[in-house]
2 protein chains.
Amino acid sequence: MDIKTEQSTEKIILEVAERLFLEKGFAMTSTTEIAKEVGCNQALVHYYFRTKDNLFNTIFEQKFKDFFQWIFEIKSTGELEFLDKLKLIIESHFDLLMNNPKMPALILNELSRKPEQISMLKDKLEAIPVKLFSELNAELQTAIAQGKVRKIDLIDLIVSMITMNVAIFVMMPVVENILSLDESKKKFMIQHRRAENVDFILKSLRP
Amino acid sequence: MDIKTEQSTEKIILEVAERLFLEKGFAMTSTTEIAKEVGCNQALVHYYFRTKDNLFNTIFEQKFKDFFQWIFEIKSTGELEFLDKLKLIIESHFDLLMNNPKMPALILNELSRKPEQISMLKDKLEAIPVKLFSELNAELQTAIAQGKVRKIDLIDLIVSMITMNVAIFVMMPVVENILSLDESKKKFMIQHRRAENVDFILKSLRP
DNA sequence: TTATTATTTAATAGTATTATTAATCGGATG
DNA sequence: CATCCGATTAATAATACTATTAAATAATAA
């Protein structure tokens, strides 16, 4: 038996469903199609997850949280200068996206078309800013006072960063097609953007 | 008779369909629903447009083109300095998006899930860069040579601009919900972003 | 008015989808 | 071996959707 065949059918369904939902979105992915790709009966998908909604939520609730909680990972950057720390933050955010390149589009789609699901995130989200935001903000204000950074609100800075990092991945499927990029060119372009985003943001912060 | 009732049924169908497609996407909008909102028989939608695909394409082919051809509108900026011209370009691009706030999401969705439609755009697109791109690039290089702008590739600059402008509108439905923004707060935030994007980009270009 | 054409509707074929149910299969346990 | 139970399937109900057709109605021209 194949090593990969060793997984339970339930796990395979989860994996296939995740891939298809990411590729084609919720509405365009049918449980029939999921079953076909898994190689099992369609009823089995419902046997394990009862409803399609359930299956979707099972997969993505955790992912959504992880995605919005990425900011918690920013610890142990210790005694770095604000700008060096910011560079790490931008890069780690970009890397998170790079490891889940299709998540932003899915989140933006599903959340804007099913606003119910947003409430689930709100709770998890409110906890984040208070602590870390104020810490980071203190560091930013210090850097500004020291003349190392131009005057800017932290929220604007964060929005700009998220904006630039997210956008490249949301736009990539279209850019990829229009410019007929192959896999290596695509990778190169993404790496280039990673550096360019850091550069662009840091340059914009010069006093 | 009402002034607005004066329009032909065909036009009403087009308007309703456009609104629904923008709100809910292609897959989640049914011809039945369109007909219901128009207040006519569902068969009538097919009478005028034969297929749902046809209806969608009729509405959006032109819009897609307009969207990508926005760059053509940048004429008559005459003898402005490069940075002033760039400011106008950023703002006009932002305004185009502001007038069609739901288009970016639709374009990104439909194009990434139906790559066939992209070929239609490719042709229209290839004509654009050659002429305007080289002109703009010449101006950028001059500005760099004069020490007014840091060294940067025009393509990176354009990508950064499109990125920042598009992203805010793509992300707005989610942000709006998470932060519970009302209409006026939303408008304020968008206007703020308009200024912030210009500022951010221009600041990043300082030598 | 009558004939002709355009618009609109009712009915329905055909298909796909979600979800449920009952039956079967195969392995574990006694 | 018998049986018990989770895993799986076949069959199908229920629904929704696209598209077509034929009939009805309204508008127009002759």
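The legends below describe close-up views of a predicted model, taken in turn at DNA strand C and at the interface of chain A and chain B.

**View 1. Protein surroundings of DNA strand C in the predicted model.** DNA strand C is surrounded by 16 residues, of which the closest are Thr31(A), His46(A) and Lys52(A) from one chain together with Asn41(B) and Tyr48(B) from the other. Of the atoms of DNA strand C that come within 4 Å of the protein, 60% belong to sugar and phosphate. By residue class, the surface near DNA strand C comprises 9 polar residues, 6 nonpolar residues and 1 charged residue.

**View 2. Helices that form the surface near DNA strand C.** In chain A, α2 (31-38) and α3 (42-49) each contribute at least two residues to this surface, as does α3 (42-49) of chain B. The greatest contribution to the surface near DNA strand C is that of α3(B), which gives 4 residues.

**View 3. Individual polar approaches to DNA strand C, from Thr31(A), Gln42(A) and Asn41(B).** Two phosphate oxygens are listed here by partner: a polar side-chain atom of Thr31(A) is placed 2.9 Å from a phosphate oxygen of DNA strand C, whereas for Asn41(B) a backbone N or O atom lies 2.7 Å from a phosphate oxygen of the strand. Gln42(A) is directed to a base, with a polar side-chain atom 3.1 Å from a base nitrogen of DNA strand C.**View 4. The interface between chain A and chain B.** In this view 45 residues of chain A are in contact with 45 residues of chain B, and the area buried between the two chains is about 4,000 Å², with carbon and sulfur atoms giving 65% of this area. Arg113(A), Ile178(A) and Phe200(A) together supply 17% of the area that chain A buries against chain B, which is more than any other three residues supply.

**View 5. Salt bridges and polar contacts between chain A and chain B.** Across this interface 4 salt bridges are found, among them one in which the side chains of Arg193(A) and Asp156(B) meet at 3.8 Å, N to O. Residue pairs in polar contact between chain A and chain B, with both residues at pLDDT 80 or more, number 14.

**View 6. The side of chain A that touches chain B.** Helices α1 (9-24), α6 (103-113), α7 (116-145), α8 (154-178) and α9 (183-204) of chain A each supply at least two residues of this side, and the largest share, 14 residues, comes from α8(A). Divided by class, the residues of the side of chain A that touches chain B are 25 nonpolar, 11 charged and 9 polar.

Methods. Residues are numbered from 1 along each chain as its sequence is written. Chains are lettered from A and ligands numbered from 1 in the order in which they are written. This is a predicted model: local features need pLDDT of at least 70, side-chain atom pairs count only at pLDDT 80 or more; totals for chains, interfaces and linings use all residues. Side-chain values use heavy atoms; hydrogens and water are left out. A residue is near a molecule or strand if one of its heavy atoms lies within 4 Å of it. A polar contact is a pair of N or O atoms within 3.5 Å; within protein, one must be able to donate a hydrogen and the other to accept it, and residues adjacent in sequence count only if both atoms are side-chain atoms. Ala, Val, Leu, Ile, Met, Phe, Trp, Tyr, Cys and Pro count as nonpolar, Asp, Glu, Lys and Arg as charged, and the others, Gly among them, as polar. Contact means heavy atoms within 4.5 Å. Buried area is the accessible area (1.4 Å probe) that two parts lose on being put together, summed over both.
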